[in-house]
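Student: I am new to this structure. Could we go through it together, and could you tell me why each label applies?

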Amino acid sequence: MAETFAGTEKQHEIMSLVFAAADGGRDIGFHELKACLSYGAGITDQALQYSLRYLDRHGLIARKYGERRKLTIAPTLLAYQMLRSNSGAAMDLDPVPSA
């Protein structure tokens, strides 16, 4: 049985911003992501890191560290397969279709 990930509104908003940056040909920086979130003014760095770790564990994002340990976030192929093809529906974490 495939594990499903419904995702919270906040997780979907994070992924929307990550996809928007990727559609523009770049990865989104941690601080840019935080500033763009609708609830960004009230979120701590630790709370956002927790959400990113959760998305990373589910294979939806890749965290990259660049110069001076600047964190950027990019969507994974699995994220495109699950989120772009199932828009609005519960996301299936098993990318292999059941027979």
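Tutor: Gladly! Let us begin with K34 and D45, whose side chains meet in a salt bridge, N to O at 2.8 Å. This is a predicted model, where local features need pLDDT of at least 70, side-chain atom pairs count only at pLDDT 80 or more, and totals for chains, interfaces and linings use all residues. Residues are numbered from 1 along each chain as its sequence is written, and side-chain values use heavy atoms, leaving out hydrogens and water.

Student: Why is the contact of K34 and D45 called a salt bridge?

Tutor: A salt bridge is a side-chain nitrogen of Lys or Arg within 4 Å of a carboxyl oxygen of Asp or Glu. K34 and D45 have N and O 2.8 Å apart, so the label fits. K34 sits in helix α2 (residues 30-36) and D45 in helix α3 (residues 45-57), eleven residues apart. Helices (H or I, at least four residues) and strands (E, at least two) are DSSP runs, numbered from the N terminus.

Student: What makes D45 partly exposed?

Tutor: Buried means under 20% relative accessible area, exposed over 50%, and partly exposed in between (1.4 Å probe, protein chains only). D45 has 31% relative accessibility, so D45 counts as partly exposed.

Student: How do you know that R63 and D56 form a salt bridge?

Tutor: Their closest N and O atoms are 3.3 Å apart, which means the pair meets the cut-off. R63 is partly exposed because its relative accessible area is 26%, and D56, at 29%, is partly exposed too.

Student: How many salt bridges are there by this rule?

Tutor: The count comes to four.
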